[in-house]
Amino acid sequence: SRGVPEAELGEKYMKKTLAALLILSASAAQAGHLDVISFTLNEKCTLGQYLEVVEDFNEWGSTYGYQTEIAVPSFSDNLETIYWLGRSANAEAFGKAHDAWEAAQTDANSVPARLMQRFGECGGGNDTRRAYRTFP
């Protein structure tokens with residue numbers, strides 16, 4: 001502060017603040033979206049049957065930039081819980097896919113409604129659902 005005018009200090013502070021905001025906003029814009037759902041399969045459904053539904057879902061999801069993979073524990077304190085790991089380019093892309101999925105549920109003949117029925121026949125429902133921003 002000694003010998004430096006207040007206006008110059010304020011300008012330096014403002015430049016640093018703006019630079020930090022630009023970096024943070026650029027990082028947020030680059031962030032991917034990870035949709036994590038934990039669930040268990042019911043007794044009537046094998047993992048192979050479930051993966052067939054997932055394959056059909058991924059075909060639908062590709063239109064919306066949403067793809068999923070299924071994580072099955074190799075070793076864990078809970079070997080029953082399976083994880084759905086859905087990926088989108090960002091939260092906006094996820095939102096568009098989710099909105100399309102939900103809107104299509106009103107038409108029993110839509111692909112999403114038929115997929116939802118197949119998922120329901122296989123699983124006991126979602127235990128938890130979380131969303132994460134991902135960074136390269």
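**Entry 1: the fold**

I began with the secondary structure and counted four helices and four strands in the protein chain; the model I am reading is a predicted one. Followed from the N terminus, the elements come in the order α-β-α-β-β-α-α-β. I then looked up how the contacts are spread along the chain, and found that, among contacts with a separation of 6 or more, 69% are between residues 24 or more positions apart. The chain has 136 residues, and 29% of them count as buried. For its accessible surface I noted a value of about 9,400 Å², with 55% of that belonging to carbon and sulfur atoms.

**Entry 2: the nonpolar core**

Which residues have the most contacts inside the largest nonpolar core? I found Tyr50, Phe57, Trp84, Leu115 and Phe119 in that role, within a core of 19 residues. Two or more residues come from each of β1 (32-41), α2, β2, β3, α3 and α4, and α2 gives the most, with five residues. As background I wrote down that nonpolar side chains tend to be buried together in soluble globular proteins.

I then listed the neighbours of Trp84, leaving aside residues up to four places away in sequence. Trp84 touches Tyr50, Phe57 and Phe119, which are also named among the core residues with the most contacts. The list for Trp84 further holds Asp35, Val36, Ile37, Phe39, Val54, Tyr66, Thr68, Glu69 and Ile70.

**Entry 3: salt bridges**

I searched the whole structure for salt bridges and obtained four, of which I wrote up three pairs, including Arg118 with Asp56. The general idea behind such pairs is that side chains of opposite charge can pair when their charged atoms come close.

In the bridge between Arg118 and Asp56, the closest N and O atoms are 2.7 Å apart. Arg118 belongs to helix α4 (residues 111-122) and Asp56 to helix α2 (residues 47-61), so this pair ties together parts that are 62 residues apart in sequence. I checked the exposure of both partners: Arg118 is partly exposed at a relative accessible area of 30%, and Asp56 is partly exposed, also with 30%.

For Arg87 and Glu69 I noted a salt bridge at 3.1 Å, N to O. Here distant parts of the chain are linked, with Arg87 in strand β3 (residues 82-88) and Glu69 in strand β2 (residues 66-71), 18 residues apart. Arg87 counts as partly exposed at 41% relative accessibility, and so does Glu69 at 39%. I also marked that Glu69 is one of the residues touched by Trp84.

The bridge of Lys96 with Glu92 has an N to O value of 3.4 Å. Both residues lie in helix α3 (residues 91-104), four residues apart, which is about one turn of the helix. Are these two side chains buried or exposed? Lys96 is exposed, because its relative accessible area of 53% is over the 50% limit, and Glu92 is likewise exposed, at 54%.

**Entry 4: a nonpolar patch on the surface**

Finally I looked for nonpolar side chains on the outside, and found a surface patch of about 210 Å² made by Leu47, Leu51 and Val72. Where does Val72 sit? I located Val72 in the loop between β2 and β3, and noted that it is partly exposed, with a relative accessible area of 42%.

Note on methods
Residues are numbered from 1 along each chain as its sequence is written. This is a predicted model: local features need pLDDT of at least 70, side-chain atom pairs count only at pLDDT 80 or more; totals for chains, interfaces and linings use all residues. Side-chain values use heavy atoms; hydrogens and water are left out. Buried means under 20% relative accessible area, exposed over 50%, partly exposed in between (1.4 Å probe, protein chains only). A nonpolar core is a set of buried Ala, Val, Leu, Ile, Met, Phe, Trp, Tyr and Cys residues joined through side-chain atoms within 4.5 Å. Contact means heavy atoms within 4.5 Å. Patches are made of residues with over 30% relative accessible area and no salt bridge: like charges are joined within 9 Å, nonpolar side chains (Val, Leu, Ile, Met, Phe, Trp, Tyr) within 5 Å. Accessible areas come from the Shrake-Rupley method with a 1.4 Å probe; for residues, only the protein chains shown count as cover.
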